[in-house]
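Student: Please take one part of this structure and look at it closely. Then work outward from there, step by step.

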Amino acid sequence: MTESTDDNYSRKRESMVVEQIERRGIRDSAVLASMRAIPRHRFVPKKDLARAYSDTPLPIGLDQTISQPYIVARMSEMLQLPRKNPRNPVRVLEIGTGCGYQTAVLARLADLVYSIEVIPDLAKTATERLSGLQNVHIRCADGFAGWPDAAPFDGILVAAAPPKIPPPLLAQLKVGGRLIIPVGTDQQQLMAVERTADDWIYEQALPVRFVPMVGQARE
Ligand code: SAH
């Protein structure tokens, strides 16, 4: 029973990757492998199990969502992370852990993943769910301030939209590092910001719809 159900999920996951992600142009082999590996059905509420691999965000309670699979893959690819290397660890910061799905995807792409969630119940559930991943650190806090003790980062991925880019996140990028962040209120744009030796280069990628970043971003 369990086995045939797992088979069923594996099949659905494979078609998710082929139809929603590869077909829309995602080519990064590490990202595709990670999307193939992470069991998305373990991150959605039981009542939505049948929709775990559908082409849409889903509610996870507390007014929050699990992002659409394509968006998770696209943002992961946009980070353009260097290849994992334990001697010179690739470090990623995520703001908005939510259910922890994106965190799990990132944990295969980076040596160290730091993730911040502002809602205590979500932070707790995600910490329990991801307790088997030694390279993931989750903290309950306002992500506006980033995670200075763990900086600088090769990549910062933000899953909640502030009206403007929080300056601490720009400051916590390595030179060559990239910040992927939805910005705006009613209309949001997904932005990619790359830090160079003496500047930050901004690029607008696509219109998106994320939950608002709460806390200091609103002040
Ligand atoms: N990464 C998730 C999607 C998260 S939804 C996935 O894998 O699908 C966005 C999350 O950002 C929500 O859980 C919300 O509570 C959180 N959030 C909103 N404002 C925040 C803030 N200031 N700091 C940290 N997390 C925040």
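Tutor: In this predicted model, helix α3 buries Pro 69, Tyr 70, Ile 71, Val 72, Ala 73, Met 75, Ser 76 and Met 78. That list accounts for 8 of the 10 residues in α3, which runs from 69 to 78, so the helix is mostly covered. The cut-off for "buried" here is a relative accessible area under 20%.

Now follow the chain past the end of the helix. Gln 80 comes after α3, and its phi is positive. The value is near 50 degrees, in a residue other than glycine. Gln 80 belongs to the loop that joins α3 to β3. Is Gln 80 buried or exposed? Gln 80 counts as exposed because its relative accessibility is 52%, and the exposed class begins over 50%.

A similar backbone feature turns up on the other side of α3. Asp 63 also has a positive phi, near 65 degrees, and is likewise a residue other than glycine. Asp 63 sits in the loop between β1 and β2. With a relative accessibility of 73%, Asp 63 is exposed too.

Next, compare with helix α2. This helix spans residues 29-37, and its buried residues are Val 31, Leu 32, Ser 34 and Met 35. Looking down the axis of α2, you find these buried residues within an arc of 160 degrees, so they line one face of the helix. There is a general reason to expect such spacing to matter: an α-helix has 3.6 residues a turn, so residues three or four places apart point the same way. The N-terminal end of α2 has a cap, Asp 28. A side-chain oxygen of Asp 28 lies 3.0 Å from the backbone nitrogen of Ala 30.

Beyond α2, the chain heads for β1, residues 58-61, through a loop that holds Pro 45. Pro 45 has a relative accessible area of 26%, so it is partly exposed. Its C-alpha atom is 24 Å from that of Ala 33, although 12 residues separate the two along the chain.

Now turn to the ligand. The space it takes is the largest pocket. Which elements give two or more residues to the shell around the ligand? They are β2 (64-66), β3 (91-95), α4 (101-107) and β4 (112-117). Of these, β2 gives the most, with 3 residues. In total, 25 residues surround the ligand. The closest are Ser 67, Gln 102, Glu 117, Gly 143 and Val 214.

Some of these meet the ligand through the backbone. A polar backbone atom of Ser 67 lies 2.7 Å from a ligand oxygen. Gln 102 places a backbone N or O atom 2.8 Å from an oxygen atom of the ligand. For Val 214, the partner is a nitrogen atom of the ligand, 2.8 Å from a polar backbone atom. On its own, the ligand has 580 Å² of accessible area, and the protein covers 99% of it.

Between β3 and α4 runs a loop that contains Thr 97. Thr 97 is buried, because its relative accessibility is 3%. Its side chain makes a polar contact with the side chain of Ser 115, at 2.7 Å.

Further along, look at the loop between β5 (136-140) and β6 (153-158), where Pro 152 is found. The peptide bond from Ala 151 to Pro 152 is cis, with omega near 0 degrees.

Two later strands finish the tour. In β7, residues 173-184, you find Gly 176. Gly 176 is partly exposed, at a relative accessible area of 44%. The C-alpha atoms of Gly 176 and Trp 200 are 9.5 Å apart, with their positions 24 residues apart along the chain. Strand β8, residues 188-195, contains Gln 188. Gln 188 has a relative accessible area of 7%, so it is buried. Its side chain reaches the backbone nitrogen of Phe 210 at 2.7 Å.

Key:
Residues are numbered from 1 along each chain as its sequence is written. This is a predicted model: local features need pLDDT of at least 70, side-chain atom pairs count only at pLDDT 80 or more; totals for chains, interfaces and linings use all residues. Side-chain values use heavy atoms; hydrogens and water are left out. Buried means under 20% relative accessible area, exposed over 50%, partly exposed in between (1.4 Å probe, protein chains only). Helices (H or I, at least four residues) and strands (E, at least two) are DSSP runs, numbered from the N terminus. The arc is that of the directions from the helix axis to the C-beta atoms. A polar contact is a pair of N or O atoms within 3.5 Å; within protein, one must be able to donate a hydrogen and the other to accept it, and residues adjacent in sequence count only if both atoms are side-chain atoms. A residue is near a molecule or strand if one of its heavy atoms lies within 4 Å of it. Accessible areas come from the Shrake-Rupley method with a 1.4 Å probe; for residues, only the protein chains shown count as cover. On a 1 Å grid over the protein atoms alone, a cavity is a set of points where a 1.4 Å probe fits but cannot get out, and a pocket is an open set with protein on both sides within 12 Å along at least five of seven lines; lining residues have an atom within 4 Å of a point. A molecule sits in a cavity or pocket if more than half of its atoms lie within 2 Å of its grid points.
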